[in-house]
Structures are given as C-alpha cells and as structure tokens.
Amino acid sequence: MEAFAGLFQQLDGTASTSAKLAALEHYFRSAPPGDAAWALALLLGRRRKRLISGRRLREICLAATDLPEWLFEACHSQVGDSAETVSLLWGQHPASTIDGTALSTWMEERLPKLAALQGEEQATAIVECWASIPEPHLLLLNKLLSGGFRVGVSTGLVTRALANSAELDESLLAHRLMGGFTPSSESFAALLAPAEQGEDHAARPYPFFLASPMERGQLLDSQPGNWLLEWKWDGIRGQLIHRSGGCSLWSRGEELINDAFPELISLAEALPQGTVLDGEVIVWPADAPHPEPFASLQRRLGRKAPSRALQRDCPAAFVAYDLLEHAGSDLRQHPLHERRRLLEALHQGLQGTQPVLRLSSTQALRRWDELDELRDQARLHRAEGLMLKGIDSPYLVGRKRGHWWKHKLEPLRLDVVLLYAQAGSGKRANLYTDYSFGLWNDDGALVTFAKAYSGLDNSEIKELDRWIRAHTTERFGPVRAVEPLQVFELAFEGIQHSKRHKCGLAVRFPRISRWRTDKPACEADSLASARALLEQLP
Amino acid sequence: MPLAPGGLLQLSPEGLYCPAAKAWIDPWRPVPRALITHAHADHARPGCGEYWAVGSSEGILRERLGAEINLLPVDYGQLHRIGEARVSFHSAGHVLGSAQIRLEAGGESWLVSGDYKRCADPSCAPFEPVQADVLISEATFGLPIYRWQSGADVAAEILAWWRSAPDRPSVLFCYAFGKAQRVLAELHRLGVSEEVLLHGAVERLMGPYREAGVAMPPTLPLAQLERGSDLAGRLLIAPPAAHRSRGLGRFAKAQNGFVSGWMAVRGARRRRGYGRGFVMSDHADWAGLLQSIRGSKAQQVYVTHGQSNVLARYLREVEGISAEPLEGRFEAERFDEEEPS
C-alpha cells in the first residue's frame, strides 16, 4: 500500500490541480493493474462501502488504549472525524515502517476478513493490524475500513490523469467508466484497451453534458435565434436507454434507477431499439399544467418497488430534451437542431400512446433584453429558470463552457434570526458553522424556520464563531442556543408546506446570502411573510 | 474556578497577583511590577512600571514592548527577594529566554509554568523540572491526540520537502518568534548552510538569537533580495499572517507548508488551506504535560489555556491529583488563529 499511501499524501498535500494531475498520472503509470484498479475505484468514490462502523473502531481503540470515553469525545470534537481520532489516539509505535501488502490484497482479502470477524476476535485482529503498519498509513486504513475515504480530486481529473497515462481519448474513457466500474486487473485492462470501431457499451449511459451558469457577455454577440430556450426543471437529470441489451434509466449520479421508476421503464420499452434520451425525471400528473414540487419526486427516489398508491399519488414523467442515440447510432457530434428534429419526430411517432413522455417545450425570445422577463416566468411553470442551448451545439462530456448555459431564477429571500448553532465536522470541526434560524410568529415569538451551512466567508465564520461562544444561553449536547440578536438574509430556491417542520414550511437549498449587521432582530421577517411568498407561487 | 483567598497567588482583574511580592505574573493590563514568563505577545504586554524577565529575552522584549522599558534581567535559577517573597525563574524550554516562575513565601511555594515544552530545541535552554506545592500549568495541547515527534525528525521532513521542489520556491509558514528560529537551528544541525529568505516579521527577531549564539544558516531579509532573482529552490520563512498576502506575490507558484502543533489534525490544515502540515510545537504535548505535572509533585494543580477542563478532569479522575481549571483571561492560541498578537 506504500504507493497508494504516497499518492494519498500527495493529493491531500496540495491545492494545485497540475500537481494533483502529475501525481495521479505517475501513480497510474507505475502501479500494477490490480492496485491501479482499486485506486481508481476509491478515487472515483465508487467504493465507499463501510466495512466496520466508526463506532466499533472507537470501541476497539478505547479498549486497547484504556482511555476514558469522555476523553475520546473531547478529542473527537477537536478532530471532527472518527477514523482520524482513532488513528491519532492509537499512538503506539508500529512494528514496521514499510507496508508491503498490495492495495488490492488489502481491499480484496485483508479488510473484508477483518470485517467478517466478530467480537473479541475482531478487536484483536484490528489491534494487530494497527500495530503492523507504518504510522502514516493508520488514517488511510481506518478510512478504508469505515468507508470514509475521500480526497480532493474530481471525477474529471481522475479520468483525465488515467486517459493521459494510458494515451487514450478522455471522453472515450469517461464513457467506459459510466455506469460503474468493478475493480479488478481484468476490468482495468478492458478499461484501457485501445479504442475499437463501434464499441459496444451495452447498457452504459453516455457521460452527461452539463450547463454552466450564464455569462451574459458571452451571449450578446449572437442572435437569440441561435439559441434553443427551455425551462430548467426541478427534477433529476436522467438518461433513458433502450438498446438490444434491454432498457435502463440512469441518474446523473450514474446510478441505475430502473426499480424506482417502473413507469419510465415501460416507456423505454415502447421506444424503438437503439434509442437514448436525455431528459428530466420529474413528478407530473398526466393532465396537470405543471409538475409537482421536488418534494414529490423525493418520495419516489431511492424507493425500490414503489407501491401502486405511491405511483398514483406521485406519477413520474420523463421530460425529454435531447436525443443522444437514434437507430443505434451515436448522435452526440450532430448539431442540437438536428438532434431536436429527430427527437420531435420520435415523439410524434408515438402518437400520444406514451403520456409519461413529455417533449421539453421551447420558448421564443426576440431580444436579449427580454431574457430576464422570460426567465422570471419560470416560477409560474414550477421551473427553476431557463436553459439556453446553442442550436449548433454538439453533446459534449462534462461541463464545457460556451454551448449550454443555465439562467436560474433569483432566489427567494427572507431576513431570519440566528437561534442555534452546532459545530461542523472535518474541516469545520470545533467551529460553529451549522446554523438554525427563526422567524417571528403571530405571538411575537421566534420559531425555527430553516437551517443553513453555507454562504459566509472564512472571516465571517470565525467572527460568528467567537460571537456564538460569547453569547450562548443554553447548551443541548453539541448544540448551543444563542441570544436571538444576529440577523441574516437567507436565500432559497423554493418554499412549500411541510408537516415535518415546526413552522409548517420547508425551503429548498437555503443558504446565507448576507449577514445583516445593520438590522436589529425585531426587524427580521415573520412567518406571515414566508407564507405570503408561498401564496405567490402557482 | 477562582483561587482561594489568602493564598500566595490571587486572581485580580489585572491577572495573577502575588501580594507578598507586590507583583503580577504576565499581567493582562499595565501594573507597577510585572514578572514575565516569556516574550510572546499574550504574556508580555506593554505599559508596566518594571519588568522582571530572563536576560536572554531582553532583546525581544525591547523589540516588542519598546526599547525604553524598565527591564530587570535575571538569570535562570537565581533566587531573588521581591517584597516578602522569594522568586526564581527556571527554564521552560518554550522559546529563547522563556521561564517558569517559582514563588515562595509564608512556607508555601507556587510554580507558574508559563508556556513550556519537553522536546529538545537547539534554539533555547531545555526545560528544567521544578517542584512546588501548587502548580499553575498551561494546557494548550491538552488532548491525547497531540503527541510530538522530535524536532530533528520534523526538520528532516521539512528538508526533504524543500529539496523535493528544486524547480520552484518553498514557503514555510511558522510563528515569527520561536518557531522560525527553532526550524532554522534544526536545519543548521542537518547541515544546511545555504541562505534562507526571511519575511520582515521573522527578520526583526533574529538579532537576539544570533547574539545568544544560536547556530543557524545564513539568512537574507526578503526586502534585500534583488528584483528578478531566481527563486527556484529557495526557502522562505514567513509568519502565518503573510499567507495569501499580496506581499508574497512573487511566491504564487511556491509550494507551501505550515509548521505548528495544530497540524496534527487534518481538518485544521485543510481549513487554513496549507499544502503540507509539519507537526512541531513549542508547547508540551499530552505526555509532556502529564510528565511535568507529576514531576512538580504539586498537591494542587490549576490548569489554564486551551484544554483546561479536559486536562483537569483527567488529572483528578485518572491521575488522582487535585486539579481545577482556572478561569480568567488566559488566551490560548486556538486551532484557527494565528500567532497571538
């Protein structure tokens, strides 16, 4: 594991993308295929299986070091991570300074064996294991055991490094990696095989092409007519596939979600073989003018075999906006207007027999200065903004600026009062960064309304942390109640009724947009103003 | 918990006070007579009538508090009569001229540890174990997750890191007073004889160390570096406050690292955005704290700074030593803060 531990340290020890790329390439060039396969799976975050819980590791560590439990807790709150706390507390000198076991042997044999043991036997084996490896590897080992291995590299960067090291085309590799990768030296060799004509990807989806936030200056040089405008729906991105191998529905997170959406699989079966659609999975009743809020879709996600009642209450639809494969041929290099024409023809050919397939409607725009006015209508359609796609754009891989833009609605905003704070974990351990906010109710009391974790910069976080420590009124375990004095402007994408929240409302993507040091708490917004926002929505 | 009235030391609004000596130890506000454990800014503050401190800290105290301060330099181990009390300063091993202060009067002895460490440090005198009836100890790193390697081992890591990037500069951030000179002295011991660049804040404190005969590689203030000089393979030592500052624009492509005990925790390093973290502290680690507290043979221990609650509880429950956290304006350096200023 020496080489992989070295790679982990290098990646963890730099913020420079080029240095990370170089370290990854070097590793992929020199590692044996079995190890490289595991490294790839781990770096892509596909193998975050928990073999042993953090709690169990803690138990074993406490028993082996004889430390009181409260002391472990004090350490944990400083470190913010169980696996790391255990590693730091172990602190015995290791028997050796070299770990000669291959990464693949760790992953395929040694770690699963440790996980399969029980009770005292497991504790002894883990303690022996800790004692046998060099100290810098402890954290890595405990992270792999507890399924918490993460390091700051994106899928795109790992793909590029591997493509460079194997002298393969990056997008070909990205495609081969779609829909899962099971680490083994055979699968790794197949992944890096030279490109073949008409490569068969069976059920594999294409890598998604992603839009970037709109840059107005980039648009003004072209005519509005060169752009295809569509609503940006608030569902999840999906690829619906019918190939000779069968039908499948993939989420943008590259998960197969066939089971959760049987009605969309029926739809796929009705499509001609050799078809791949890109679109939005969303809850949208057949005769409704607009889709249901995201919360309805949430009830369907992650649910295997949804009941009939659930399918009736939250009927899924597929809003198609692109055709990636037609009659078995890859259309991604064709211009969007051509793909769109074929998509429309396909939709028409179904002659309304498939109501769950909806064709994404396109919007007309004559002049750029009417763009925001059009965008603002998105809320009436229960969409979250506009998409602008170049009519000649190919379908690329990942986020490439210039072809597709997203132009989101301005968020809704309310001024809220800080009520509670909790320390974060990891990078934010020991720092109060998880905030709960309240609004005034009709009786003049503050009621918890939303939580937010982001939006402040580092110096504001530090300042607020100090303020929280100095103005705590009560402690509930890790949570501190503070004097209700600080006002923040909270931005969020949507608001809806909720039975689970005390205030009866739930918001989507709340984050802090401003620290209103200019406002006293009594001037913060009320629940009534939040309800008024809700009533303005369709 | 406050100190019991009538004891040799009291907690006053100005800080720890010894009525018998009519003197305050590391006072928070200006007082007529201050006994100073060491020259870090949270222990030595301006405006006092007279300062008692170890002679080797004089240069730095005058640099920081003003050249004109009324300073009475003392030697380690020398016994002084101040008012009704007998007072002595003993090496704390923290930084150049740092001391533990022992006070004795009316058959009672107290030891104020100041900041201290037990690891070897070629830039200052080693820690001297001292006994007293009552001990006031710091607890900045009072958690068992903090466990230091020797400074020599960490310096070897730093050297390997520096040498691994011959094509670009390396910037090492560390506290300007104490840590910077310790790193330089350790590098000298590893045979480094090439010139190291220093940020102005570090440069200002080099004189007293050179005068004290601490052997370090040659250094050059950044301000004296010729424009357009090749920076590849050069090492710059700068204080954390300079991290991402405009003054270091020429070092934009440099690899950077931070030398601090806080770097033991991954989140602390990532939060600050440093590349490499080197775990080296001028405070005692968990084992060092326990060893020193046991060694003092004190019957009563008061714990200040940082993890005072945790360490006091451990001393009571596990070590069977009567211990309490002492509350007051004892500001420990924290996880996310730079050098106390």
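## The contact between the chains

How many residues does the contact take from chain B, and how many from chain A? In this predicted model, the contact draws 23 residues from chain A and 19 residues from chain B. On the side of chain B that touches chain A, the elements giving two or more residues are α6 (266–272) and α8 (308–317) of chain B, and α6(B) gives the most, with four residues. Sorted by class, this side of chain B has nine nonpolar, seven charged and three polar residues.

## A buried glutamate in chain A

E84(A) lies in helix α6 of chain A, which covers residues 82–90. Because 25 other C-beta atoms are within 10 Å, and 20 or more are needed for a residue to count as buried, E84(A) is buried. Leaving aside residues up to four places away in sequence, E84(A) touches V79(A) and L139(A), and also R266(B). The C-alpha atoms of E84(A) and R56(A) are separated by 14 Å, and these two residues are 28 residues apart along the chain.

## Helix α7 of chain A

Helix α7 of chain A runs through residues 103–116, and because its 14 residues should span 20 Å at 1.5 Å a residue, the 19 Å between its end C-alpha atoms agrees with that expectation. The helix α7(A) nevertheless bends by about 30 degrees at R110(A), and a proline, P112(A), follows within four residues.

Which residues in α7(A) are buried? Among them are L103(A), S104(A), W106(A) and M107(A), and the buried residues of α7(A) pack against two other helices of chain A, namely α1 (2–12) and α3 (33–43).

Methods:
Residues are numbered from 1 along each chain as its sequence is written. Chains are lettered from A and ligands numbered from 1 in the order in which they are written. This is a predicted model: local features need pLDDT of at least 70, side-chain atom pairs count only at pLDDT 80 or more; totals for chains, interfaces and linings use all residues. The expected span of a helix is 1.5 Å times one less than its number of residues. The bend at a residue is the angle between axes fitted to the seven residues ending there and the seven starting there. A residue is buried if 20 or more other C-beta atoms lie within 10 Å of its own, exposed if 12 or fewer, and partly exposed in between; C-beta atoms are placed from the backbone. Two residues are in contact if their C-beta atoms, placed from the backbone, lie within 7 Å. Ala, Val, Leu, Ile, Met, Phe, Trp, Tyr, Cys and Pro count as nonpolar, Asp, Glu, Lys and Arg as charged, and the others, Gly among them, as polar.
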